[in-house]
2 protein chains.
Amino acid sequence: MSDPETGLRARLVDVGVDLVNTEGVQALTLREIARRAGVSHGAPRRYFPTHLELLSAIARRGVTDLAGRVAELTGDGAANPREQLTALGHAYLDFALTHRGMHELMFRHDLLESGHLGLRETSLPLFSLLVDLVGRARPDVDAALVAGSLLANLHGIAQLWSWGSLQLATGSGDFVPLLHTALDAHLGPANR
Amino acid sequence: MSDPETGLRARLVDVGVDLVNTEGVQALTLREIARRAGVSHGAPRRYFPTHLELLSAIARRGVTDLAGRVAELTGDGAANPREQLTALGHAYLDFALTHRGMHELMFRHDLLESGHLGLRETSLPLFSLLVDLVGRARPDVDAALVAGSLLANLHGIAQLWSWGSLQLATGSGDFVPLLHTALDAHLGPANR
DNA sequence: ATTCCCGAGTAGACACTGTCTACGACGGCT
DNA sequence: AGCCGTCGTAGACAGTGTCTACTCGGGAAT
């Protein structure tokens, strides 16, 4: 009847999401998750045959969370694509920096290559949204190429910023100038 | 007298570099490195008090390797900065994609945050070279900001490309168009 | 109503990991 | 000769992921 009691499967993922956001990615031990869910260390195996599949389920939670935030920011019809892209970039960086553990988990090589995550399918709508916005903002260029480079730019800023390399480089403690630099570079200088 | 016999310390790092390039980052077990170096699992502790410090030493080898490649590409005086930046970007992407394990190791959060790696100091010359080149190519902008964004862009392309997200996005199996898109975006369209 | 059975979780074993500590060789001093 | 410090060994310990045998409880079928 109550919500969190709906099956051990969901509870394990809930615990994992909490754990990665509070303690970091190295705390996502199979046994620790089981412990916090109040079951024995063998229990998760019935739902997730391997540790990687449990981690993938947790990471997928983060992907859909991020996708939700982006969707609600860019939801309203055909607004100014440049503004929407700014909001999208801001949302992405904000998510990555306030959920560092989850962001790190979402892009781990072993998860991505295991195939359990299905990031290719999960993140494709976000990418095609980006392609659409870029295509509307700059009809004169190869939208897929520019969108790809812009996505990589956002991702790189999030990554380098989160461990401090870029803050030392740019001096300031604010990532917004970097975001605007990246946007200006790919979309042309902000027209007013 | 012979080269590889110069101390266990160097031999451990040698073994680690080989291992990460052939088997990947998950093979860099303390005990496995010791095994391949022909010593017991307790031996590394005399030179590297913890596993992370050994990994940091291996990663530092990769950083200096990359710095060397970049330095020899951009060594000749004051050539065309745009061409030098193109060569630098190509070298960076090439290194990241042909040494995937090493590249992944070099940018692991736990290594960076442990402080043992010293990436801040190690990679600073590379970044200031980038700032210099960007400043010469575009005297009209904040060079540090653009260089930071460009570095993040290169890093992001390397990362996203290496696990296939971008190849699916751009269709082609070649990363050079993406590299030129990023360079054009930050430096302005190639003059001529 | 009794039997059967199957899904869900437990408990213990196994090989492996990183860290710690006590111990043994070996070589260069005085 | 005796000593001592450096280097490496060997074993213990807690913790990990995976595997397998088992127990328990509640329907379904006869």
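Of the 192 residues in chain A of this predicted model, 40% count as buried. Picture the C-alpha atoms of chain A inside a box: along the principal axes, that box is roughly 60 × 40 × 30 Å. What is the chain built from? Chain A has 11 helices and zero strands, so to read along chain A from the N terminus is to meet one α element after another, α-α-α-α-α-α-α-α-α-α-α. Its contacts reach along the sequence too: among those with a separation of 6 or more, 62% join residues 24 or more positions apart.

**Two helices that pack together**

For a close look at helix packing, find α8 (residues 124–137) of chain A and its partner α9(A). Their axes lie 8 Å apart, at an angle of about 120°, and the crossing of α8(A) with α9(A) is right-handed. Which residues of α8(A) take part in this contact? On the α8(A) side they are A:Phe127, A:Leu130, A:Val131, A:Val134 and A:Gly135. Facing them from α9(A) are A:Ala143, A:Ala144, A:Val146, A:Ala147, A:Leu150 and A:Leu151. Sorted by class, the contact between α8(A) and α9(A) holds 10 nonpolar residues, one polar residue and no charged ones.

**Where the two chains meet**

Helix α9(A) also has a part in the contact between chains A and B. That contact draws 34 residues from chain A and 35 residues from chain B. On the chain A side, α6 (109–114), α7 (119–122), α9 (143–162), α10 (165–170) and α11 (176–187) each give two or more residues. The largest share, 13 residues, comes from α9(A). By class, the chain A side divides into 18 nonpolar, 12 polar and four charged residues.

**Around the DNA**

Now turn to the DNA strands, C and D. The table sets out the residues around each strand by class.

| Surface | Nonpolar | Polar | Charged |
|---|---|---|---|
| near DNA strand C | four residues | seven residues | four residues |
| near DNA strand D | five residues | seven residues | four residues |

Which residues come nearest to DNA strand D? Of the 16 residues around that strand, they are A:Leu30, A:His51, B:Ser40, B:Gly42 and B:Ala43. For DNA strand C, with 15 residues around it, the nearest are A:Ser40, A:Gly42, A:Ala43, B:Leu30 and B:His51.

Helices contribute to these surfaces as well. In chain A, α2 (30–37) and α3 (51–73) each supply at least two residues of the surface near DNA strand D, and α2(A) gives the largest share, three residues. Near DNA strand C, it is helix α2 (residues 30–37) of chain B that gives the most, with three residues.

The UniProt record, an unreviewed entry, lists residues 29–48 of chain A as "DNA-binding region". In the model this span is 40% helix and 0% strand, and its end C-alpha atoms lie 13 Å apart.

**One residue in chain B**

To finish, look at B:Asp132, found in helix α8 (residues 124–137) of chain B. Is B:Asp132 buried or exposed? It falls in between: B:Asp132 is partly exposed, because 15 other C-beta atoms lie within 10 Å, while a buried residue would need 20 or more and an exposed one would have 12 or fewer. Its C-alpha atom is 17 Å from that of B:Thr122, a residue 10 positions away along the chain.

Key
Residues are numbered from 1 along each chain as its sequence is written. Chains are lettered from A and ligands numbered from 1 in the order in which they are written. This is a predicted model: local features need pLDDT of at least 70, side-chain atom pairs count only at pLDDT 80 or more; totals for chains, interfaces and linings use all residues. A residue is near a molecule or strand if its C-beta atom, placed from the backbone, lies within 6 Å of it. Helices (H or I, at least four residues) and strands (E, at least two) are DSSP runs, numbered from the N terminus. Ala, Val, Leu, Ile, Met, Phe, Trp, Tyr, Cys and Pro count as nonpolar, Asp, Glu, Lys and Arg as charged, and the others, Gly among them, as polar. UniProt positions are given in the numbering used here, feature names are shortened, and annotations may be inferred rather than shown by experiment. Two residues are in contact if their C-beta atoms, placed from the backbone, lie within 7 Å. Axes are lines fitted to C-alpha atoms, for helices over the stretch in contact, and angles run from 0 to 180 degrees between N-to-C directions. A crossing is left-handed if the near helix is turned anticlockwise from the far one by less than a right angle, and right-handed if clockwise.
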